[in-house]
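Ready for some practice in reading a protein structure? Keep the sequence and the 3D view open, and try each task before you look at its solution.

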Amino acid sequence: MKIYDCNKLCCIASIFFFILLGLRVNAQHLPPKLDNPISKTYLKKNLRKDSPRLVLNKEIEENLKQKLRSDPVVQHVYKRLKAGVETIFDKPIINLDIPLEERSQNNQLDISRDLLHRMGILAMVYRIEKDAKVLNRINEELIAACNFPSWNPKHFLDVGEMSLGVALAIDWVGEYLPPSTVKLGKTALIEKGLKPSWPENGKVLNWVYGGNNWNQVCNGGMVAAAIVVAEEEPELASKTIYRAIDGMRYALSQYGPDGVYPEGATYWRYGTSFSVLTAAMFESAFGSDFGILEYPGLKESAMFRVLSDSPMGLFYNFGDCGESSGENGDIVLAWFASKTGNKTFFEEEKFLRAIDENSNFSRLLATALVWIAQYEEKRESTVPAAWAGRGPNPVVFFTGEEDDPNKFYFGGKGGLGNISHGNMDAGSFVFELDGVRWSIDLGKNKHYGVIERTGFNLWDRCQGCDRWKLINKNNFGHSTLSVNDQLHVVDGKASIIDFKNGSFPEATFDMSPVFEGQLKSAKRRFKKSGPRSLLIEDEIKLSEETEMITWQLITQANVEIVDGGAILTQEGKRLNIKNLSHPEFSFTVISLNPPPFYLDLKKDNLKRLEIRIPAWTVEGQNTKVAVLLSGD
């Protein structure tokens, strides 16, 4: 053999070795798999033969009916569903001609959600009441929805929610419906739901293995559709369910390792609701959830959700999260309560709240009634007064003890902008004391649709993308640091590097990647320094590029500048802010009402309180900014 042939073979062997090594390394970084025995044979052998089998089955339904006779919470939630029936009767049959509301996006999602809302309520009430008027309305709604030209697969969330609504109706009341309607419904589930999820060009749709709520919603909807049509299309059904179980781990892995949902508490409620619903469907149809409940981080996320709710009933609303935690009982937390027996996760008082016909409740309330009926109290956890959660978007919480008279509440975060529903908000925080939220997060824009229809690109997250023009998305609208009046580095992640528990907990974030090219390093430490005080310390190492460091606090309080700090007043309460490290630099107030950009979120009395420290005033390269927030 010639020498060059030997060299060529060695080169090929080396390349092959490194390819295998790369595959092995990548495999080590893949999320843990769920149990996935699904095949056409498994489906034929193990899928429950009789209906219902989505969330309900005969045994589960018997438990529900027993609880309807004896359990006040179950009775009250069911009354809420019955009240919803009359609301549906007052509306026209579902259609595509509904005018876009101001809030609506340019898709069919609102219509799909409305159909899911209607089918859940009507189908559950019919199973209990056997009211012919209700059955007739289900029939009319199904015929209308299944005759839509499509379920809008270009925005697959629409398909996911519509498929779930149709599947629930067929599964729960199909035996009572005209055979022609059942056939129409199953055909629509196949042609407008399942088949569009398998494009003819072989392309894998982004949501299948994505890491955000689309994965959870779309895979959940496809699972429901597949179970309903399993007898008609066993091959399509089995490969769809297999794909869903394989794909769901990519969304579930985002909860790890400690339970923080990267998209915040509102989207936890949305994404997690479809994951637990999918678990419930698997259990009712197959007798196993295939490992969803025990997936690393998922159970822990229930405590993240509890801690995200402040004493004021406000969420720590980072990202595109809404501010209010709502007046109705959390149905997703109730699923965790049903699985753990933990009273901490069961919002009984909210579930028993007086029925208000103007009150909005979850479109999954009918399915949630099932697991609310499965809840049996076994224990109650103490909510930790200090908690840190790592992961893609790390978060820390400090609270007062139970029945804290100071109503102390702090939520702070690291993370990065380039994450689903993310902001340039690393190092930001909310702070409440005495029932007032002093440092706020602006949270989500009120209406996505209003912004989208202007041609503004709200969703791309590159460094120079439109999203960062909005005050609630960029770092200038958050209680954090800014350097050189520049945006944060969008893919620079701030991580928790230290956390200390105890009566006076503290947490430190390494924010250096957020300021790459602006600073050499930055670390932000939060400390509960007393029952009524919070200390923020920033250790900063300047670089040659550093020109200006800005410490920021976003508030709606009235501000009085005083020597060495400021006094905030709101709702008859007062908060003192002391500039401990740089008293020579006075606070300044920048009004954000009106905001700087015409599409910005508007809030009364909104302002940014800031300290600006020129780099030339710093001796050497190191400085420490320390600010104390304290109540009287």
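The exercises below use this predicted model.

**Exercise 1. Rings in a helix**

Task: Find F282 and F286, and work out whether their ring pair is stacked, tilted or edge-to-face.

Solution:
- Begin with the place: both residues lie in helix 11, which covers residues 264-286. They are four residues apart, about one turn of the helix.
- Next, take the geometry. The ring centres of F282 and F286 are 6.2 Å apart, and the planes meet at 55 degrees.
- Now apply the cut-offs: planes under 30 degrees apart count as stacked, and planes over 60 degrees apart as edge-to-face. The angle of 55 degrees falls between these limits, so the pair is tilted.
- For contrast, look at W335 and F336: their centres are 5.1 Å apart with 85 degrees between the planes, and this pair is edge-to-face.
- Finally, check the surroundings. F282 and F286 are both buried, and W335 and F336 are both buried as well.

**Exercise 2. A charge over a ring**

Task: Over which ring does the charged end of K130 sit, and over which ring's face does K528 lie?

Solution:
- Start at K130: its charged end sits over the ring of Y126, 5.8 Å from the centre.
- Then go to K528, which lies over the face of F408 at 4.5 Å from the ring centre.

**Exercise 3. Edges of a sheet**

Task: In the open sheet of eight strands, which strands stand at the edges?

Solution:
- Write down the strand order, which is 7-8-9-10-17-14-13-12, with antiparallel pairing.
- Look at the ends of that order. Strand 7 (495-500) and strand 12 (558-562) each have a single partner strand, so one side of each is left without a neighbour in the sheet.
- Add the twist, which averages 15 degrees from one strand to the next.
- Zoom in on one pairing: strand 13 (residues 565-570) and strand 14 (residues 573-579) are joined over six bridges in the antiparallel sense. Here Q570 has K573 as its bridge partner.

**Exercise 4. A hairpin**

Task: Describe the pairing of strand 1 with strand 2, and find the residue between them that takes a positive phi.

Solution:
- Locate strand 1 at residues 386-389 and strand 2 at residues 395-399. They pair in the antiparallel sense over four bridges.
- Pick out one bridge: the partner of A386 in strand 2 is F398.
- Follow the chain through the five residues between the strands, where G391 has a positive phi near 125 degrees.
- Check both faces of strand 1. On one side are A386 and A388, on the other W387 and G389, and all are buried.

**Exercise 5. Unusual backbone spots**

Task: What is the form of the peptide bonds from S51 to P52 and from G256 to P257, and what sign does phi have at D403 and N605?

Solution:
- Recall the background: most residues other than glycine have a negative phi, and most peptide bonds are trans.
- Take the bonds. The one from S51 to P52 is cis, with omega near 0 degrees, and P52 lies in the loop between helix 2 and helix 3. G256 and P257 are also joined by a cis bond, and P257 is in the loop between helix 10 and helix 11.
- Take the phi values. D403 has a positive phi near 60 degrees, and N605 has a positive phi near 60 degrees too.
- Compare their exposure. D403 has 71% relative accessibility, and the cut-off for exposed is over 50%, so D403 counts as exposed. N605, at 33%, is partly exposed.

Technical notes
Residues are numbered from 1 along each chain as its sequence is written. This is a predicted model: local features need pLDDT of at least 70, side-chain atom pairs count only at pLDDT 80 or more; totals for chains, interfaces and linings use all residues. Side-chain values use heavy atoms; hydrogens and water are left out. Rings of Phe, Tyr and Trp (its six-membered ring) pair if their centres lie within 6.5 Å; planes under 30 degrees apart count as stacked, over 60 as edge-to-face and the rest as tilted. Helices (H or I, at least four residues) and strands (E, at least two) are DSSP runs, numbered from the N terminus. Buried means under 20% relative accessible area, exposed over 50%, partly exposed in between (1.4 Å probe, protein chains only). A charge sits over a ring if NZ of Lys or CZ of Arg is within 6 Å of the ring centre and within 35 degrees of the ring normal. Two strands pair if DSSP finds at least two bridges between them. Axes are lines fitted to C-alpha atoms, for helices over the stretch in contact, and angles run from 0 to 180 degrees between N-to-C directions.
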